[in-house]
Amino acid sequence: MLRIRLRRVGLKKQPSYRMVVAENEWPRDGRFLEIVGRYNPRTNPETVEVNEERMYHWLKNGALPTESVAKLLTKQGTMGRFERVQKGEDLQAVLAEAQASAEAARANTPRRTNPDTAAAKSKKNLKTGQKKK
């Protein structure tokens, strides 16, 4: 049975995830058929990017999302749009709507940088400005 699930990537204690289509029995970070999205819980707000056309393809062909992926897709609006496509709405119109909503969400959500990272960058700039002895 095919599942759409999260595959952990990233450094130790700095997780980010890929949404992948994989067989139910394959290991979490093992083989997969296709990457259909990304999820980064460390940004503020969390980042979810989905290739909706491929997601619809796999959902239509019987792949089941895991509980965590289903929550993310519902929050993103992908599951609602998929139900509309199943009822007969035009796929291209729904994909255009999804792209417009993703761009609007990106434009309306300010990204905050980590203050520790900003301080580290300013220290690095100070060090590079010094002359070597």
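A pocket is an open set of points on a 1 Å grid over the protein atoms alone, with protein on both sides within 12 Å along at least five of seven lines, where a 1.4 Å probe fits; lining residues have an atom within 4 Å of a point. Grid points are joined across faces, edges and corners, and a volume is the space filled by probe spheres set on the points.

The model is predicted: local features need pLDDT of at least 70, side-chain atom pairs count only at pLDDT 80 or more, and totals for chains, interfaces and linings use all residues. Residues are numbered from 1 along each chain as its sequence is written, and side-chain values use heavy atoms, with hydrogens and water left out.

**Exercise 1. Describe the layout of the protein chain.**

Step 1. Helices (H or I, at least four residues) and strands (E, at least two) are DSSP runs, numbered from the N terminus. The protein chain has five helices and five strands.

Step 2. Along the sequence, these elements follow the pattern β-β-β-β-α-β-α-α-α-α.

Step 3. Buried means under 20% relative accessible area, exposed over 50%, and partly exposed in between (1.4 Å probe, protein chains only). Of the 133 residues in the protein chain, 28% are buried.

Step 4. A contact means heavy atoms within 4.5 Å. Among contacts with a separation of 6 or more, 39% are between residues 24 or more positions apart.

**Exercise 2. Describe the largest pocket and its lining.**

Step 1. The volume of the largest pocket is about 590 Å³.

Step 2. Its lining has 22 residues, and V48, E49, Q76, A102 and A105 lie nearest the centre. Two or more lining residues come from each of β4 (47–50), α2 (67–76), α3 (78–86) and α4.

Step 3. Helix α4 gives the largest share of the lining, eight residues.

Step 4. For the residue classes, Ala, Val, Leu, Ile, Met, Phe, Trp, Tyr, Cys and Pro count as nonpolar, Asp, Glu, Lys and Arg as charged, and the others, Gly among them, as polar. The lining then divides into eight nonpolar, six polar and eight charged residues.

**Exercise 3. Find the members of the largest nonpolar core that touch the most others, and the elements behind this core.**

Step 1. A nonpolar core is a set of buried Ala, Val, Leu, Ile, Met, Phe, Trp, Tyr and Cys residues joined through side-chain atoms within 4.5 Å.

Step 2. The largest core has 22 residues, and those touching the most other members are I4, M19, V36, M55, W58 and L73. Two or more residues of this core come from each of β1 (2–11), β2 (14–23), β3 (34–40), β4, α1 (52–60), α2, α3 and α4.

Step 3. Helix α1 supplies the largest share of this core, four residues.

**Exercise 4. Place E52, F82 and S101, and state how accessible each one is.**

Step 1. E52 is in helix α1, and E52 counts as buried because its relative accessibility is 9%. Beyond residues up to four places away in sequence, E52 touches T78, R81, L95 and A98. The side chains of E52 and T78 are joined by a polar contact of 3.1 Å. A polar contact is a pair of N or O atoms within 3.5 Å; within protein, one must be able to donate a hydrogen and the other to accept it, and residues adjacent in sequence count only if both atoms are side-chain atoms.

Step 2. F82 belongs to helix α3 and is buried, because its relative accessible area is 6%. Leaving aside neighbours within four places in sequence, F82 contacts Y56, L59 and K60. F82 and L59 are 23 residues apart in sequence, with their C-alpha atoms 8.3 Å apart.

Step 3. S101 lies in helix α4 (residues 91–108). S101 has 33% relative accessibility and therefore counts as partly exposed.

**Exercise 5. Locate K13 and P45 and describe the backbone there.**

Step 1. Most residues other than glycine have a negative phi, and most peptide bonds are trans.

Step 2. K13, in the loop between β1 and β2, has a positive phi, near 60 degrees.

Step 3. P45 lies in the loop between β3 and β4, and the peptide bond from N44 to P45 is cis, with omega near 0 degrees.
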